[in-house]
Amino acid sequence: MDTNESAHDNDPGAHQPRGIARTTQILRFLVKYRSAGVFSGLDLDAADGVADGEPPATEGKPEEFVDDLEALGPTFIKIGQALSTRPDMVPPPFLVALERMQDDVAPIPFEQVRAVVESELGVRISKAFAQFDEQPLGCASLAQVHRATLRDGRLVAVKVQRPGIVDIMRADLDALAHLAGGADRMTDIGRRLRFADWVQEFRRTLLAELDYQAEAQNLERFGQHLQGYPELLVPAPVWDLTARRVLTMELVQGTKVTEISGLRRTEHDMSGLASALMRGYLDQVFVHGEIHADPHPGNLLVTNDGRLALFDLGMVAHVPPKRRERLLKLLFAAVDGRGEEVAAEAIAMGTRLEDFDEARFLREVGQMVATYAARSGAGSLSEGRLMIDLVGRSTMCGLRTPPEMSLLGKTLLNLEQVSHALDPELDVKAVIERHLEHVMRERLKKALSPSNLASELIDVQALLREAPRKVSDVLSLLAENRMQVRMTGLEESHLMENLQKIANRVSAALVTAALIVASAMMMRVDTDSRLFGYPAIALVLFIVGAGLGISIVASALFGDHKARPREERGPR
């Protein structure tokens, strides 16, 4: 048995150290890959080497990095999956290895499964189900799935969360948040990439994934949104048998996309399934504002009746309307080959860091989009690869992009892999270009809906009602010479706190100097009270002064932090 297999033989987290020992274990892992380029941002020259077919040299093997992540337990398996969507933090060789990360573990005993199901549903398994298979259909680090039959004869799949997994993950996330906060305070790359923000967002997403009632809502909502695509199937949840740690849904039987035989592909035209999948997900992102972060081939089945079934909708990111509009404008500009507009939208969505090189960014993005637009057909560059490369270029030039850009790029790449597995001849780029017009029409319909129009009319009514009075107030103040302009900044709490700190240190330094000078002068005064052979008063004054001086130096060295680099966000 190899090392990778043995790492999965035990229940994840069963013998996992806690507290300081766990933090030390995580630190040891981070130190091991400190020079591998992971978590440390990217270099533009290194990226150029990748584009020329020469991967950058890295310390530590990517496959070994993935093995070490898996050995750290379920939290870090999920971190690896999240890092595979962050080309701004992970070098290309590691991204490829992370995409192949396995999430298969040994099953937990059925008695534990029974205990979780009965505790969550409040009834015995024999009462809720006519039959419940003890052997799981599949196992992962967070849950395992069992086949069951309802009392009315319907076949269902029951997803059961592993016992204690929430406590394990909370402890790991607390340790990571502590380490990330320290990295943000003490390192330049931390101040640049904001690890603490990333860990906080990851924590929110992961804990939401552990709530199976939220996943059931995602299944139901996706099913409603994709009703216009009869080629696609989303299994419906069974709400009466769904709880926070147990999800019961329709059982869908079929063949994994990656296991479709050449004979079946020849006998049945799969291009319709691939096209419907791409169009449905574009609607989901740009019309409904949701990104399914993990539509990889393992989560898709071709059913016996020729439909494509979607599973594992725990990780769904919501895109705000204005961010959605900018992403759509960016994709439209990329399709038309307008590189300057692509760069402008990226800048508007991102955060410009202190070292942002706008001229270089415009030039790099313009060349990249021109190369993308010039290719078509089978040799065309994919939209997903374009988005991923755009995120990488942004980070190299000092622009922090929103996480939705990376998620969208990763989702499109996964969809393209599925589409090519279904129909290798499908021109994915052409499908996306044609469907973007449909997306725009649907967005216009939603914008012109009665509820949206009513909201806009209310705003217009308020403006018309309040405008005359406000204009009159301004004119009155001007006429009476009572118009005042208030400038903020000098009274800000941080500024006052820093000024007080400076004044306190100057005062303490003066007192320290006075004490030391006084002690030196008192040393020459001969007195009867002596301490260690020196005049007692002089020695006490010297010790107090020295202590104050040491405390001032220690406070300056350890208490003062570098100011955060200047950042500028784009317009909302």
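Phe-532 sits in the loop that joins β13 (530-531) to β14 (534-535). In this predicted model, Phe-532 is exposed, because its relative accessible area of 72% is over the 50% cut-off. Phe-532 also has nonpolar company: together with Val-511, Met-523, Leu-531, Tyr-534, Val-540, Val-544 and Leu-548, Phe-532 makes a nonpolar surface patch of about 720 Å². Which helix gives the largest share of the nonpolar patch? That would be α23 (residues 536-559), with three residues.

Now for the inside. The largest nonpolar core has 74 residues, and the ones that touch the most other members are Leu-277, Phe-286, Leu-308, Phe-361, Leu-390 and Leu-422. Helix α14 (residues 271-286) gives the most to this core, nine residues in total. There's also a second, separate core of 32 residues, with Leu-69, Phe-202, Leu-206 and Leu-207 among them.

Let's go back to Phe-361 in the largest core. Setting aside neighbours within four places in sequence, its contacts include the nonpolar-core member Leu-390, and also Ala-343, Ala-346, Ile-347 and Phe-356. Arg-393, Ser-394, Cys-397 and Leu-399 are in contact with Phe-361 as well.

Next, a few more loop residues. Here's where they sit and how accessible they are:

| Residue | Loop between | Relative accessible area |
|---|---|---|
| Thr-242 | β4 (232-233) and β5 (246-250) | 9%, buried |
| Asp-312 | β9 (308-310) and β10 (316-318) | 25%, partly exposed |
| Asn-481 | α21 (450-479) and α22 (493-522) | 71%, exposed |

Is Thr-242 buried or exposed? Thr-242 counts as buried, because its relative accessible area of 9% falls under the 20% cut-off. What does Thr-242 touch, not counting residues up to four places away in sequence? The list is Leu-121, Tyr-212, Gln-213, Ala-216, Leu-247 and Thr-248. With Thr-248 there's a polar detail too: a polar atom of the Thr-242 side chain lies 3.3 Å from the backbone nitrogen of Thr-248.

The other two table entries have a backbone twist to look at. Most residues other than glycine have a negative phi. Asp-312, though, has a positive phi, near 55°, and Asn-481 has a positive one near 60°. Asp-312 is partly exposed, because 25% lies between the 20% and 50% cut-offs. Asn-481, in the loop between α21 and α22, is exposed at 71% relative accessibility.

Technical notes:
Residues numbered from 1 in each chain as written. Predicted model: local features only at pLDDT ≥ 70, side-chain atom pairs only at ≥ 80, totals over all residues. Heavy atoms only, no water. Patch = residues over 30% accessible without salt bridge, like charges linked within 9 Å, V, L, I, M, F, W, Y side chains within 5 Å. Areas by Shrake-Rupley, 256 points an atom, 1.4 Å probe, with all protein chains shown as cover. Salt bridge = Lys/Arg side-chain N within 4 Å of Asp/Glu carboxyl O. Helix = DSSP H or I, 4+ residues; strand = E, 2+ residues; numbered from the N terminus. Buried < 20%, exposed > 50% of the residue type's maximum accessible area, 1.4 Å probe, protein only. Core = buried A, V, L, I, M, F, W, Y, C linked by side-chain atoms within 4.5 Å. Contact = heavy atoms within 4.5 Å. Polar contact = N/O pair within 3.5 Å; in protein donor to acceptor, adjacent residues only side chain to side chain.
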